[in-house]
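Trainee: I would like to go through this molecule by question and answer, with each term explained where it comes up.

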Amino acid sequence: MTRTNKSRRRFLRHVPALGFFGASLPAAWARAQAKAAALLDARTIGAALEAVGVKASKEESAALARPADWSLKQYFARRETRIHETTSPATSFAPWPAARESADVRFKPSVQAVPARPADLESVAYWPVCKLAALVRSRRVSSVELTGMYLARLRRYNPELNCVVTFLDETAMQEAKKADEEIAKGKYRGPLHGIPWGAKDLIAAKGAPTTWGHEAFKSRSLEYDATVVELLREAGAVLIAKLTTGALGKGDLWFGGQTRNPWNTADGANGSSAGPASAVGAGCVPFALGTETGGSLIAPAARCGVTGLRPTFGRISRYGVMPLAWTLDRVGVMARTAEDTALVARALSKPDARDLSADGRPFGWDHTYRLTKLKLGVLTASFDALAEDAAKKNAENTLSILAKLGAKDPRPIQVPETNTDIEWLGAETLAFFDQVARGDSRFEVPGYMKAWWLIPAAEYVRAQRLRAEQLQELNRALAGVDVYVVASDFTAARKAPESDAAKSARAAAAAHFHLANLAGLPCVTVPNGLNADGQPTNITFYARPFEEWKLLTVAKAFQDATDYASSRPPKFT
């Protein structure tokens, strides 16, 4: 065993005692000081430095013991200070580059003809929000009726989908009744008035459990609303359920089991926004809010065959939403159509002093924009990386449809070679959950998070600087492009054996996925057909920060020309 490895092992034996792995702090501050003073001798300092690849002589290590001891006492003191769970760091990430234009904030959705009242109300379960809004505004269907229908579907199908944590029947019916009364008096608030919706259970709603998908918090209720809940209530929308999230925002497994994909209930819904994707995909809510840190919204939306909008970082306030990484987290929308996501995003794009990242600029989009005025690009590696023939065919067909709609020949995009490892962001995650663990004896920091104690502060800052350079490289690669097209398949099994060219393409596509997320770019994913197993495939459109109107223009044109957005999983029609 090398001297360096011995030093690392010696250091790691001390780490639990230092409190680095979530160990309980001594009740008395004096004991904490004594512990720090006893542990930080020259030998321990030397081992700690060697563990992160820094060499120091015995003399240097001895000289560092006193300032390190002082620093450790400060760490302990800060851990004794309770920070409210909604408080984000004083520094905040801003997407780069900033939007080049923001003067045009006109918002003009399409005008829907008022449909006749259907004989069977449940036949509207898969209608888009804009069409449901015409029904409710005309009072041909009441919000109470619509809310009751969707609650009934949720209760009927939840045993198979496992997508609901908490049903909110009582409060939902009260809100629906209020909406009907206001509309009858001519106090119409807009296209979301009286429309039912569901919230991922990372989003706080006062009076209802907010469980974060974890056993320790399954009975906990927070005494405040997330900003997005407040804004949707102001818009008149009716919250009918808290929908499942993977435990602590990871995967589709929660304390109640696995959330299922309505297109294949033997399969999981994929990603921590599993509940919203499953519920929208099965026609159990017209729209839902999810969150994304590293694919948690886009992946389940794609697998469950719904439209998912991941807005620009900073577009929507995250106050009251469980954080995973303050410089990555976003709240997004799942619905039937791109226009539906625009209606919801418009209501949520407001300033919020409680979230430093919230930009607050109005959400602009006009349904009369024409994609012929936009310059398109295509991430060729993403097409080459598709493992399944049907998915490839659907992706190529998407480009053909866009061409028929007048899109100019898309420019091939190549992802710059960058280091997209984002493990350093674990420092942000740990900073939050370590405090949760210290304030709640029922919860322990998960094992996979504990290694993040070993991320040096200097390396975190270095990674953020590298991130800035990578984003500049990505921006140069996108020069002259308004919207670019990315193909992906979250359902197909990987074919084996795989050629070197396919592996290279897949690596490039994965690098783009992470880099675009690090850049805070907006995107919208839409279904574009079925694969050989009858599962949805999808296509995703990306744009620069705060230019959602461009990608929504392309997505709406594609959806208007096809019927993929109206596809229904056979078991849940």
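Trainee: How many bridges join β13 to strand β15, and how do the two strands run?

Mentor: Strands (E, at least two residues) and helices (H or I, at least four) are DSSP runs numbered from the N terminus, and two strands pair if DSSP finds at least two bridges between them. In β15 the bridge partner of G377 is Y484. Between β13 and β15 (residues 483-488) the bridges number 3, and the strands run parallel.

Trainee: Before we go on, I note that this is a predicted model, in which local features need pLDDT of at least 70 and side-chain atom pairs count only at pLDDT 80 or more, while totals for chains, interfaces and linings use all residues. Residues are numbered from 1 along each chain as its sequence is written, and side-chain values use heavy atoms, with hydrogens and water left out. Which strands stand at the edges of the sheet?

Mentor: The sheet is open, has 11 strands with mixed pairing, and follows the order β2-β4-β3-β9-β11-β10-β16-β17-β15-β13-β14. Its twist averages 30 degrees from one strand to the next. Two strands have a single partner each, so one side of each is left without a neighbour in the sheet, and these edge strands are β2 (164-167) and β14 (411-413).

Trainee: What angle does the direction of α18 make with that of β16?

Mentor: Axes are lines fitted to C-alpha atoms, for helices over the stretch in contact, and angles run from 0 to 180 degrees between N-to-C directions; contact means heavy atoms within 4.5 Å. Helix α18 packs on the sheet, touching β10 (307-310), β13, β15, β16 (523-530) and β17 (536-543). With the direction of β16, that of α18 makes about 15 degrees.

Trainee: How is α13 oriented relative to α18?

Mentor: The axes of helix α13 (residues 389-404) and α18 come within 10 Å and cross at roughly 95 degrees. The contact is made by T398, I401 and L402 of α13 and V554, F558 and A561 of α18. Angles under 35 degrees count as roughly parallel, over 145 as roughly antiparallel, 65 to 115 as roughly perpendicular and the rest as oblique. The crossing therefore makes α13, relative to α18, roughly perpendicular.

Trainee: At what angle do the axes of α8 and α11 cross?

Mentor: In this pair V228, L231 and L232 of α8 meet V344, A347 and L348 of α11. The axes of α8 (residues 227-234) and α11 (residues 338-348) come within 9 Å, and the crossing angle is roughly 110 degrees.

Trainee: How far apart in sequence are the parts that the pair of Y157 and F572 ties together?

Mentor: Rings of Phe, Tyr and Trp (its six-membered ring) pair if their centres lie within 6.5 Å, with planes under 30 degrees apart counted as stacked, over 60 as edge-to-face and the rest as tilted; by this rule there are 19 aromatic pairs. Y157 and F572 form an edge-to-face pair, 4.9 Å centre to centre with 85 degrees between the planes. Because Y157 lies in helix α6 (residues 143-161) and F572 in the segment after α18 (548-561), the pair ties together parts whose separation in sequence is 415 residues.

Trainee: Are Y369 and W549 buried or exposed?

Mentor: Their ring centres are 4.5 Å apart and the planes are at 40 degrees, so this pair is tilted. Y369 lies in the loop between β12 (365-366) and β13 (376-379) and W549 in helix α18, so the pair ties together parts 180 residues apart in sequence. Buried means under 20% relative accessible area, exposed over 50% and partly exposed in between (1.4 Å probe, protein chains only). By that rule both Y369 and W549 are buried.

Trainee: Which residue lies over the face of F217?

Mentor: F217 belongs to one aromatic cluster with W212, W326, F432, F433 and F443. A charge sits over a ring if NZ of Lys or CZ of Arg is within 6 Å of the ring centre and within 35 degrees of the ring normal. At 4.6 Å from the ring centre, the residue over the face of F217 is R220.

Trainee: What is the C-alpha to C-alpha distance between A277 and P300?

Mentor: A277 is found in helix α9 (residues 274-281), and at 0% relative accessibility A277 counts as buried. Leaving aside neighbours within four places in sequence, A277 is in contact with P300, A301, C304, V306 and M334. A277 and P300 are 23 residues apart in sequence, and their C-alpha to C-alpha distance is 5.7 Å.
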